[in-house]
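Q: I'd like to practise reading a structure feature by feature. Could you walk me through this one?

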Amino acid sequence: LMWRVIPAFGVFFYLLVGACIFGLMGSMERMLNPGRVAVWHIAWGQRWKDDTLISVGYRLKTEDAWEIWGREEPYFAVLTDEKFLYGNLTDERLDAFFDTGRGHVRRTLTKISVLTGREFSPRSALDFGCGTGRLLVALAEESTSVTGVDIARSMLAEARRNCDTRAAGADVRLMITSEFLAESGRSYDFIHSHLVFQHIRR
């Protein structure tokens, strides 16, 4: 009997160890790729009906993950507070969302003014990774012209809607990242990026 039990136990042991290693590798991979973490968070947190996203989400490229964010939960993707989920959004909470952008821009411009010893008021501003336009709307109030760049077209579409309603009449230009990187000969007084670089793997 023993000669039958021991090999069976050995096979079970190796299968168990293999499963643990595979699970650990998957967890590490998701931690090292914020885009994959994003999709997993949406898939589990929002309980999507399409279960295939749960099983394949971690394989998506960062730009594909953010395209999904932009379509499903663009505001929560920028500020991960449950009140900014679509199901919880109200006009007052959306106003508060953009007020955080105004506060950030004012603090940043004030710091620049203090460091340079003169009042800083940019004429042309660039926000790299503009998302829904949280900071673009604020920059449009401080600059003559603003440019927003993002990797996700769904985010840019949301930014356009917000700029048209909250910065009506302002000179706001929106570009997909690949088009912006291919452009040359344009300069800016103020180049800004916030909560973006940690999502770029290389």
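**Reading the model, feature by feature**

A: Sure. Let's start with one residue: Thr-108, setting aside neighbours within four places in sequence, is in contact with Phe-190 and His-192. Keep in mind that this is a predicted model.

Q: Where does Thr-108 lie, and is Thr-108 buried or exposed?

A: Thr-108 lies in helix H6. With a relative accessibility of 19%, Thr-108 counts as buried, because the cut-off is under 20%.

Q: Next, the sheet. In what order do the strands run?

A: The sheet is open and has 4 strands, ordered E3-E2-E1-E4 with parallel pairing. At the edges sit strand E3 (171–176) and strand E4 (190–192), each pairing on one side only. From one strand to the next, the twist averages 15°.

Q: How many bridges join E1 and E2?

A: Strand E1 (residues 124–128) and strand E2 (residues 145–150) pair in the parallel sense over 5 bridges. To find the register, look at Phe-128, which stands opposite Val-149 in E2.

Q: Which strands does helix H7 lie across?

A: Helix H7 (residues 134–142) lies across E1, E2, E3 and E4, and runs at about 165° to E2. H7 is largely enclosed by the rest of the structure, because 7 of its 9 residues are buried. Those buried residues are Arg-134, Leu-135, Leu-136, Val-137, Ala-138, Leu-139 and Ala-140.

Q: How many residues does the largest nonpolar core have?

A: That core has 26 residues, and Val-146 and Leu-174 have the most contacts inside it. The elements giving two or more residues to this core are helix H6 (91–116), H7, helix H8 (153–166) and E3. H7 provides the largest share, 6 residues.

Q: What does Leu-174 touch?

A: Not counting residues up to four places away in sequence, Leu-174 touches Cys-130, Leu-136, Gly-148, Leu-156, Ala-159 and Arg-160.

Q: Since Cys-130 is on that list, how many disulfides does a search of the whole structure find?

A: The general idea comes first: a disulfide is a covalent bond between the sulfur atoms of two cysteines. Here the search finds 0. The closest cysteine sulfur to that of Cys-130 is in Cys-163, at 7.6 Å, which is too far for a bond. Both cysteines are buried: Cys-130 has a relative accessible area of 5%, and Cys-163 has a relative accessibility of 2%.

Q: How many salt bridges are there?

A: The count comes to 7. In one of them, the side chains of Arg-166 and Asp-95 meet at 3.1 Å, N to O. This pair links distant parts of the chain, with Arg-166 in helix H8 and Asp-95 in helix H6, 71 residues apart. Arg-166 is partly exposed at 25% relative accessible area, and Asp-95 is partly exposed at 36% relative accessibility.

Q: How should I read salt bridges within a helix?

A: An α-helix has 3.6 residues a turn, so residues three or four places apart point the same way. Take Arg-102 and Asp-99, whose side chains meet in a salt bridge (3.0 Å, N to O). Both lie in helix H6, 3 residues apart, about one turn of the helix. Arg-102 is buried at 17% relative accessible area, whereas Asp-99 is partly exposed at 43% relative accessibility.

Q: What about Asp-164 and Arg-160?

A: Asp-164 forms a salt bridge with Arg-160, and their closest N and O atoms are 3.4 Å apart. The two are 4 residues apart in helix H8, so about one helical turn separates them. Elsewhere, Asp-99, Arg-102 and Glu-141 are joined into one network by salt bridges that share partners.

Technical notes. Residues numbered from 1 in each chain as written. Predicted model: local features only at pLDDT ≥ 70, side-chain atom pairs only at ≥ 80, totals over all residues. Heavy atoms only, no water. Pairing = 2+ DSSP bridges. Axes fitted to C-alpha atoms, helices over the stretch in contact; angles between N-to-C directions. Contact = heavy atoms within 4.5 Å. Disulfide = S-S within 2.5 Å. Buried < 20%, exposed > 50% of the residue type's maximum accessible area, 1.4 Å probe, protein only. Core = buried A, V, L, I, M, F, W, Y, C linked by side-chain atoms within 4.5 Å. Salt bridge = Lys/Arg side-chain N within 4 Å of Asp/Glu carboxyl O.
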